[in-house]
Amino acid sequence: MDNVTEYLASMIIVGICATLVMDAWSWLRQPLLGVAPPNYAMVGRWLLHMGHGQFGHSAIATSPAMPGEKAVGWLAHHLTGLVFAGILLGTVGQGWIDQPTLAPALLVGIGTVAAPFLLMQPGMGAGIAASRTPAPNAARLQSLLTHGMFGAGLYLGGWVSHGLLG
């Protein structure tokens, strides 16, 4: 397998694993912590409104619903996971798949919290790092935990990729 094909295959495997671990955590935290899972339809709504020139909202939930927003939101969520896996592999190198280590995966995973804190939440009306939500610190903690789980999923995905491609 050539280097580009191996990199893309690893990126897909690692990204899918990491996103699935993140999703599993999001579903488990409702019964464990009483925290509802994210509503990716709102992400889809936000993205679809961008196609009509609206990039910011005072509250995305009060913006008009868009056809296909749920599918677009979930697709964007999973594609973003692939991109972040690509960033991990681009940063540490394809050799990381031969012997995945936890530290870089967790650093990248937790670092990905910058996307919701600085881009998504402000754009959807929640403010920078959820500053306009009823409980900003609780929202920030949940975001950090969820993205930490994404980092753990990157690590797990590294081992899955190693097992499948190594």
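**Helix crossings, a pocket and a ring pair**

Let me begin with two helices, H1 and H6, which are oblique to each other, because their axes cross at roughly 140° and an angle counts as roughly antiparallel only when it is over 145. I should say at once that what we are looking at is a predicted model, so please hear everything that follows as a description of that model.

Helix H1 covers residues 3-33 and helix H6 covers residues 136-165, and the two axes come within 6 Å of each other. In handedness, the passage of H1 across H6 is right-handed. If we sort the residues of this contact by class, we find 17 that are nonpolar, 10 that are polar and 2 that are charged.

H1 also crosses helix H3, and here the axes come within 8 Å, at an angle of roughly 125°. With that angle, H1 and H3 are therefore oblique to each other, and their crossing is right-handed.

Let me turn now to the empty space. The largest pocket holds about 1100 Å³, and among the 40 residues that line this pocket, those closest to its centre are Pro38, Pro116, Met120, Gln121 and Met124. Which elements give two or more residues to the lining? They are H1, helix H2 (40-50), helix H3 (69-92), helix H5 (114-123) and H6, and of these H6, which we have already met in its crossing with H1, gives the most, with 7 residues. Sorted by class, the lining of the largest pocket has 25 nonpolar residues, 14 polar ones and 1 that is charged.

Finally, a word on aromatic rings, where a search through the whole structure finds 3 pairs. One of them is formed by Phe84 and Phe150, whose ring centres are 6.3 Å apart and whose planes stand at 75°, so this pair is edge-to-face, given that planes over 60 degrees apart count as such. Phe84 sits in helix H3 and Phe150 in helix H6, and because they are 66 residues apart, the pair links distant parts of the chain.

Conventions: Residues are numbered from 1 along each chain as its sequence is written. This is a predicted model: local features need pLDDT of at least 70, side-chain atom pairs count only at pLDDT 80 or more; totals for chains, interfaces and linings use all residues. Side-chain values use heavy atoms; hydrogens and water are left out. Axes are lines fitted to C-alpha atoms, for helices over the stretch in contact, and angles run from 0 to 180 degrees between N-to-C directions. Helices (H or I, at least four residues) and strands (E, at least two) are DSSP runs, numbered from the N terminus. Angles under 35 degrees count as roughly parallel, over 145 as roughly antiparallel, 65 to 115 as roughly perpendicular and the rest as oblique. A crossing is left-handed if the near helix is turned anticlockwise from the far one by less than a right angle, and right-handed if clockwise. Ala, Val, Leu, Ile, Met, Phe, Trp, Tyr, Cys and Pro count as nonpolar, Asp, Glu, Lys and Arg as charged, and the others, Gly among them, as polar. On a 1 Å grid over the protein atoms alone, a cavity is a set of points where a 1.4 Å probe fits but cannot get out, and a pocket is an open set with protein on both sides within 12 Å along at least five of seven lines; lining residues have an atom within 4 Å of a point. Grid points are joined across faces, edges and corners, and a volume is the space filled by probe spheres set on the points. Rings of Phe, Tyr and Trp (its six-membered ring) pair if their centres lie within 6.5 Å; planes under 30 degrees apart count as stacked, over 60 as edge-to-face and the rest as tilted.
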